[in-house]
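Subject: Structure handover

Hello,

Here is the structure for you to look through. Please open it alongside this email.

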Amino acid sequence: MNLIVNNLNKRYKNGVTALDDLSIEIGKGMFGLLGPNGAGKSTFMRILATLQYPDSGHITFQGLDILQNRRDLRMRLGYLPQSFGVYPKESAKFLLHYMAILKGSSSKKQREQIVDEVLELTNLTDVQDKFVSEYSGGMKQRFGIAQLLLNRPSLIIVDEPTAGLDPSERKRFLNVLRSVGTENTVIFSTHIVEDVRELCNDMAIINQGKILNHQSPQKAIDDLRGAIWQTNVSKAGLQTLKKTHKVISENYGENNDRSVRVYATDKPSGDFRPAPPTLEDVYFLTQDGSK
Amino acid sequence: MTFSAIFRYEMKAWLRKPAFYLIAGSCYIIPLFLFIGTGGYFDGNIVEETNTLLFLNSSFQITSFLHLIGKFLLLLLPAIIGTTIYKDFQHDVISLFYSYPIDKATYLSAKFSSSFLLVCFLSLLPLLAFISGELVLGEGNPYITSTSLNGYIFSYSLIILPNLFVFGLLVFSVVVLFRNIYAGFLVVLLLISFQGLIENLFHQSAFLLALLDPFGQYASLDQTRYWTLTEKNQLSLGITWTLVYNRILWLGAGISFGLLTYRRFSLGQFGIDFSLFRKGEVKKRQEKREHDYGKLTLFQPAAGPTQTLFQLYTMVRYQVSFVLRHWIFISFALTGMLLMIFMLNRILYSGDLTMLPLTRLILQIPALFYMMLVVFATFIFSGMLMLLEKDSGMEPLIYSTSVPTSTFILSKAASLILIQFVLLFIFMGAGISMQIFNGYFNFDFSQYFFSLFIVHAPVLAVWALLSVFVFSVTRHLYSGLFILLLAWLAQFGYEQLGIATKLLQFNTYPLLEYSDFNGYGSALVGRIVVQIYWFLWSILLLFAAIKLWPRVQMDSLKIKWAAVKNRSGRKWLAFPGFLFLPLILVAYIIFGAETSIYKVDESQKVLSEFTEKFHVLKDLPQPRISSVSLRVDLYPEKHDFNVEGEYVLVNRTDVPIDTILINTSMDEITEYQLETPGREIDSFSPLNFYVAQLSRSLMPGDSIRMHFNVKNRPNTLFQRNSGVLGNGTFLTHDILPRIGYFFGQDQQTPDSSSLADNHYQSRDSDLVSYRATVSSTADQVAFTNGSLINDWQENGRNYFSYETTKPVKFNFHFNSGKFDSYTDYWNDILIRIYHHQEHTQNLEAIASGVKASLEFNHELFGYAPSEERINVIEYPLTEGSFSTLKTNAIIMSESVFGVNADQADKINLPFYVAAHEMTHHWFGNMLIPKDARGALFLTESVTEYLTLQIFKEWYGEDAAHSFLKVQHERYFRGRANEQGEEKSLILVEHGQDYISYGKGAAALNAIAQTLGQEKFYSYLKEFFKEYAESSSYPTSLNFFEILEQKTPESLAFIIEENLIKSITYNLEILSAELRREGDKNWLVDVKYIVKPYELNKPVDRVHYRPVELGIYDTEGELLYLAPIFENENQKTIRIETQATPHELVLDPNYLILDWERKNNIFTID
């Protein structure tokens, strides 16, 4: 009963190929979609959320062809877009009640209960009577999650939700998402690698509309074990190093010296020490086409 | 970023948009079509008389056109200027600029000037269109004269450009302050409403109106108020002080607002926030509960029809409340209410007349304007609602729910319709409040509901559904509004563009008139059919809106088309397919009814054809009708009638007659038969003209009978072919056949040697003996001329037999209706008023008017009416607002019965109308003028003068002054609209009521006052006696000769000036200085102007005539009244009084026709 995407294509009028024959199968749990800006993540998410037509391709979820049965999918869908607004000058409580009705709630008692619950879950109970249009960024994102949960969706699509959040808001947000992700299919797009590592049991890296890598984060990291090396170099030395080695990333250390991570199946010659692989290494290597 | 960078960017951005070219195209094409359409380009009609035409390209007309176009150009302001700044707020560009090294002056001025320049360019296009229009029509076109650059330059530089600048600045400022584009559109609508408001508030103060009018329309056209047609065609408009003040005032207001905005504006994040409702409080929780997702309540989403209905209800409730809470709605509602109240006030208290606040009055003009406002409100609210999710950014949240698209669209449509209902209820509330405020408690709720919710609401609903459709296609506010406004404006252009069928005139209906007798009458059915037709279309539009609604992002037309096709499966097509059946059926009914409309072709072509063929018969001796006997059967329920009649035709000439010319009524079907066998030798069917030759000549003194049958053409859906109404029928002798050659004969001057011995109302009869039986339904009473001889019931119908005691003019009426009656007596004569059961407010006044006239005229001229009763019969206002005397019946319009005669300081119109009509018994029925120019002087002018005397006796001197004031205004208003030549009073023609009534009463009063009232009465009596007792018909010259004979040389000017010339004056007090003379006396030095004009041209003084000067104290008591004689154009006079003078008035008794009386009054401080 997975989400199965076959040969999905989407090309914009300006010639940009957003999705290029993309196929993937996504099961239950948290799925992270990693990719740089413009990789096609949002297009993919919008198509999954029934808000955009692909040029071609098929998508089924729990056996249902969602391009043909949009309404059926929408019944089970929870969608939090990258950016959204709300009706002006309306409280969270009002808007959640409103959305609950649109999502199919018919009993007032039941609606009040579920609205209270999602408010609690997203920690918005205290500010439920404030206008959402005046919420801070983090509060607004939590409201986004609250509205998404109203119909207890089995497919949840969350498009770059943590962008622009401060660390504590981000933490809080991820906690909410984590509790949701255990029972459902949650597709979570981001370009923050850390989010995926913390949350997801499955992930894909996408660029130029193609899936470059699809496996669990842990497995991806494990695959790199013993192949990541670290050294400190000067500015001039870095240029030389780049010519001779596969440099994954570079960081400035405390003394303004450069700490460079290098990918090599065998220990490179020179002053290299082994380093534990990270998901970031996977991401960069995948982008680079080395992995 | 500098000024020029922003400026250039904005220009380029606009010039890249297709919408800009759409707007530019409309700015050119619409005015062009308006111009050439008015010039008859699409009609193909030959214009008949060139002297009655207003040139389209005269300075006056170009200015008038550009005023109209200028109002529509105002829409460019929010669309171009508003959008230019608004898009920065919409896309949050403004917060980027916040961090740029750019100051607000550069930013705002670049934004405004670039968009203003574009607007200037667009506003030149209508001028270009008019100039092209002149070329298209060509100089040969009778509507075109040589190009008037004055008109274009005057209008553009003084009206259009300043208006666009001032209101552009205003719209710009409002959009900047509120960061809301709707506010820009609202400003334009408020400005237009403001003009309507001051039109109603200051209609009696031309200066204030001209000063405050935001568009300078009244300020620029004030100078043309009394211009005659020729002057409108020839004169150029000039710059007046009023115009200068007006322009300065509004430029000042616009610039001040702009500066204020500049001060308030900052390149920050927030605009001004007007929150009428609470912002949420932060609540502190009492207890903290722990929740995790797994424990969330699980519900099975409901998806059946009940849930869909519930969702629909929820969305409608929210959307309606969103709009109702919005300040734009509140502004609309307040403006609408104010507009309605002021407009009603103006109708109720127009000048010297007060109307009762009847429900029908509220539901006519005020409702019409209010509905216009509701349509505009619908357009704006549809934009707000259709773009609500897009504008708020909630689209992805809402669209990813399982609510069907149809529910979204239906919710928008239903919300708009409900909002319209709210606006209609507000109108009803305001109307009822106004009635209560005026002490009128006879609320007609059923009329309110029927008119607002059955007649108007469906029309509004169609506009709502169209709006939903338009905003489904275009997701841009300004292009949507633009398209909708064009669709709305189209209703004024269909006829001009030659689109005559209702099947293509989108949601357009003729005005529906209401009468208490019949409600909306037979026209209602046709209208409802057309309403159904457009409603069905709008449902199809709604269906299309659902299909086209871009819920799912579609990136190319190909995908869009595929999506529409995908969504329009067989199941989906079944519904519109099902709708097409009734649509085609209704269209077929409309088409059928339209093709069966009967039109009389009286075009110049037909008339020329007729004249060419038959003019030889013009002077053919003809017999005269001497006796009329009729049987008139009225069928109110079917709106039909049938007349069986017989004339006796007598040969009163001294030659045998063998050919009779018969002319039957154009609208009816007539069959005739002459007693002597003969044959029809010729005919001209387009004008129902027949030539019958008798087998045996009719010798002088002999007579012949003619039998005829007349019935109306069958009634159709859009055309009632008879005057028979469900209730309150009023038919006249127009339906009957006539004898002789009637066509193309203008009235001749009274001194013409070829003047036939006909009276002014009939060319084929003198006085005729008359008898008629009129029948109607069992619940109606029927009337005609004369006294009731017998009445009976037969086959469930009522029959009434009438006969006149003496021969009467050929001037008959046939009335039928359900009436209540009111009875009064004058001596032995019974006066009975037959009226609608609810129209009881003015019965006493009407009866008093009849009695006062009988008393006054009987005393002055003798001769009581020959019939023993006078009937006053009310008829529905849908048939006219005039009143008339037919033998012994005054047929009076319903509109007179609705006057509020309780206002002490106003003219009691019902009394006046009754007295006027009754006076026609003497001047009209007994003294019957000859058929020549000036006939109306002897009937209407004399009658109006006598009515004034009756009025003065009954209501006193002040009321008589009000009466004269009304007549003076009537004259000046009328001559400004004169399409031909203004005739002197004794040569007045038909259709020149402003002369025969307005000037007639004023002139005869001035003559009587100058010669002496009693003397004048005696001359009138002498004239009356001579002609009322003889069988000859007098002309105006006969009365003039008597007057001329009796008037001393020294007073001859008064006759010359009033009767044989068209002289008006400019009287003016320039200054007055007050000095103390000794202990007791005051000396006043008055400087004044007395300047005569003949037909608006200053004339050299031929004689010096006295002008009265009245001096009044602070209590308004007259201290001094004397004729002042002057012998130069400007003169000073010194007056001595004992009491303290306060006010000076030139011509206080209204003896001189002066078009501007305000400057005749001077108050001394």
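Below is what was found, chain by chain.

First, a caution: this is a predicted model.

**Chain A**

Chain A carries 10 helices and 14 strands. Its C-alpha atoms fill a box of roughly 70 × 45 × 35 Å along the principal axes. Of the 291 residues in chain A, 48% are buried. Take the contacts in chain A between residues at least 6 apart in sequence: 68% of them join residues at least 24 apart.

The domain assignment splits chain A into domain 1 (3-214) and domain 2 (226-275). The centres of these two domains of chain A, taken over C-alpha atoms, are 38 Å apart.

Two backbone angles in chain A deserve a look. Most residues other than glycine have a negative phi. A:Asp21 has a positive one, near 55°. This residue sits in strand E2 (residues 17-26) of chain A. A:Asp21 has 14 other C-beta atoms within 10 Å, so it is partly exposed. A:Gln208 also is not a glycine, and its phi is positive at about 50°. Look for A:Gln208 in the loop between strand E9 (202-207) and strand E10 (210-215) of chain A. A:Gln208 has 15 C-beta neighbours inside 10 Å and therefore counts as partly exposed.

**Chain B: domains**

The domain assignment of chain B gives five entries: domain 1 (3-264), domain 2 (304-546), domain 3 (819-922), domain 4 (925-1060) and domain 5 (1062-1165). Between the centres of domain 1 and domain 2 of chain B, over C-alpha atoms, lie 27 Å. These two domains touch: 23 residues of domain 1 of chain B are in contact with 24 residues of domain 2 of chain B.

Which helices of chain B each supply at least two residues of the domain 1 side? They are H2 (18-38), H4 (76-90) and H8 (181-201) of chain B. H8(B) gives the most to that side, with 11 residues. By class, the domain 1 side has 15 nonpolar residues, eight polar and no charged.

**Chain B: helix packing**

Two helix pairs share a partner, H20(B), which spans residues 445-473.

The first pair is H20(B) with H21(B), residues 477-490. Their axes come within 9 Å and cross at roughly 140°. An angle over 145 degrees would count as roughly antiparallel. H20(B) and H21(B) are therefore oblique to each other. Their crossing is right-handed. From H20(B), the contact uses B:Leu466, B:Ser467, B:Val470 and B:Phe471. From H21(B), it uses B:Gly480, B:Ile483, B:Leu484 and B:Ala487. The residues of this contact divide into six nonpolar, two polar and no charged.

The second pair is H16(B), residues 365-386, with H20(B). The axes of H16(B) and H20(B) come within 9 Å and cross at roughly 30°. Angles under 35 degrees count as roughly parallel, so that is the label for H16(B) and H20(B). H16(B) passes H20(B) in a right-handed crossing. On the H16(B) side the contact includes B:Met371, B:Val375, B:Phe379 and B:Met386. On the H20(B) side, B:Leu460, B:Trp463, B:Ser467 and B:Phe471 are among the residues involved. In this contact, 11 residues are nonpolar, six are polar and none is charged.

Best wishes

Technical notes:
Residues numbered from 1 in each chain as written. Chains lettered and ligands numbered in written order. Predicted model: local features only at pLDDT ≥ 70, side-chain atom pairs only at ≥ 80, totals over all residues. Helix = DSSP H or I, 4+ residues; strand = E, 2+ residues; numbered from the N terminus. Buried ≥ 20, exposed ≤ 12 C-beta atoms within 10 Å, placed from the backbone. Contact = placed C-beta atoms within 7 Å. Domains from an automatic or database assignment. Nonpolar A, V, L, I, M, F, W, Y, C, P; charged D, E, K, R; others polar. Axes fitted to C-alpha atoms, helices over the stretch in contact; angles between N-to-C directions. Parallel < 35°, antiparallel > 145°, perpendicular 65-115°, else oblique. Left-handed = near helix turned anticlockwise from the far one by under 90°.
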